[in-house]
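Colleague: Please put the structure up, and then take me through it step by step.

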Amino acid sequence: MAVKSMLRLRMSAKDAHYGGNLVDGAHMLHLFGDVATELLIIQDGDEGLFCAYDMVEFKAPVYAGDYIEAYGEITHVGNTSRKMSFEAYKVIKTRPDISDSAADVLEEKILVCRATGTCVTPKQCQRKNQ
């Protein structure tokens with residue numbers, strides 16, 4: 001059975017890094033890090049360590065006020081390494097063209113970022129599945 005995780009989060013004004021309330025793409029990697037931590041706790045009973053991203057693709061802009069769902073899945077379990085894949089989707093988008101507080105729930109979520117990476121849980125820290 002694959003180990004999966006999801007979190008949903010609203011991007012706030014403090015997340016906006018660029019003009020026009022654009023959120024820094026690195027914020028998606030921060031979300032993936034949180035998802036990876038949960039996956040490792042589910043898998044091993046320990047937070048483990050994120051070692052590297054193998055691939056990152058930014059696919060669409062994210063703005064303050066947008067709601068993002070970040071998904072992750074463990075795709076391979078080695079002795080101590082855990083390969084993972086991640087995707088982040090915009091599920092609610094702001095509508096500043098209507099008013100400062102308008103937003104729409106999207107009929108189809110929009111892929112904003114995807115990535116793959118590797119985490120490690122040292123053998124002595126693996127409390128589950130031994």
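Modeller: A contact here means heavy atoms within 4.5 Å. This is a predicted model, in which local features need pLDDT of at least 70, side-chain atom pairs count only at pLDDT 80 or more, and totals for chains, interfaces and linings use all residues. Residues are numbered from 1 along each chain as its sequence is written, and side-chain values use heavy atoms, with hydrogens and water left out.

Colleague: Among contacts between residues at least 6 apart in sequence, what percentage join residues at least 24 apart?

Modeller: The count takes contacts in the protein between residues at least 6 apart in sequence. Of these, the share joining residues at least 24 apart is 71%.

Colleague: In what order do the helix and strands run from the N terminus?

Modeller: Helices (H or I, at least four residues) and strands (E, at least two) are DSSP runs, numbered from the N terminus. The protein has one helix and seven strands. From the N terminus on, the order is β-β-β-α-β-β-β-β.

Colleague: Which strands are the edges of the open sheet?

Modeller: Two strands pair if DSSP finds at least two bridges between them. The open sheet has five strands in the order 1-5-6-7-4, with antiparallel pairing. An edge strand pairs on one side only, and the two that do so are strand 1 (4-10) and strand 4 (49-58).

Colleague: How many bridges join strand 6 to strand 7?

Modeller: Strand 5 and strand 6 pair in the antiparallel sense over 10 bridges, and a hairpin of three residues joins them. Strand 4 and strand 7 (residues 103-120) are also antiparallel, over eight bridges. Strand 6 and strand 7 run antiparallel too, and the number of bridges that join them is 13.

Colleague: Which residue in strand 7 is the bridge partner of Met 84?

Modeller: Other pairs in the sheet can be read off in this way: Ala 70 stands opposite Ala 88 in strand 6. In strand 7, Met 55 has Thr 116 as its bridge partner. For Met 84, the bridge partner in strand 7 is Gly 117.

Colleague: Which element gives the most residues to the largest nonpolar core?

Modeller: A nonpolar core is a set of buried Ala, Val, Leu, Ile, Met, Phe, Trp, Tyr and Cys residues joined through side-chain atoms within 4.5 Å. The largest one has 21 residues, of which Met 28, Ile 68 and Met 84 touch the most other members. Two or more residues come from each of helix 1 (26-44), strand 5 (67-77), strand 6 (81-94) and strand 7. With seven residues, the element that gives the most is helix 1.

Colleague: What does Met 28 contact, leaving aside neighbours within four places in sequence?

Modeller: In soluble globular proteins, nonpolar side chains tend to be buried together. With those neighbours left aside, the residues in contact with Met 28 are Met 11, Val 23, Val 62, Ile 68, Ala 88, Val 112 and Cys 113.

Colleague: Is Cys 113 buried or exposed?

Modeller: Buried means under 20% relative accessible area, exposed over 50%, and partly exposed in between (1.4 Å probe, protein chains only). The relative accessibility of Cys 113 is 0%, so Cys 113 is buried.

Colleague: Why is the sulfur of Cys 125 not in a bond with that of Cys 51?

Modeller: A disulfide is a pair of cysteine sulfur atoms within 2.5 Å. By this rule there are zero disulfides, and Cys 113 is in none, as its nearest cysteine sulfur, that of Cys 119, is 15 Å away. For Cys 125 the closest cysteine sulfur is in Cys 51, and this is too far for a bond because the distance is 13 Å.

Colleague: How far apart in space are Asp 97 and Met 28, C-alpha to C-alpha?

Modeller: Asp 97 lies in the loop between strand 6 and strand 7. Asp 97 is exposed, with a relative accessible area of 59%. In sequence, Asp 97 and Met 28 are 69 residues apart, and in space their C-alpha atoms are apart by 25 Å.

Colleague: What separates the C-alpha atoms of Val 120 and Val 77?

Modeller: Val 120 is in strand 7, and is partly exposed at 21% relative accessible area. Not counting residues up to four places away in sequence, Val 120 touches Gly 48, Leu 49, Cys 51, Thr 80 and Ser 81. Val 120 and Val 77 are 43 residues apart along the chain, and their C-alpha atoms are separated by 9.7 Å.
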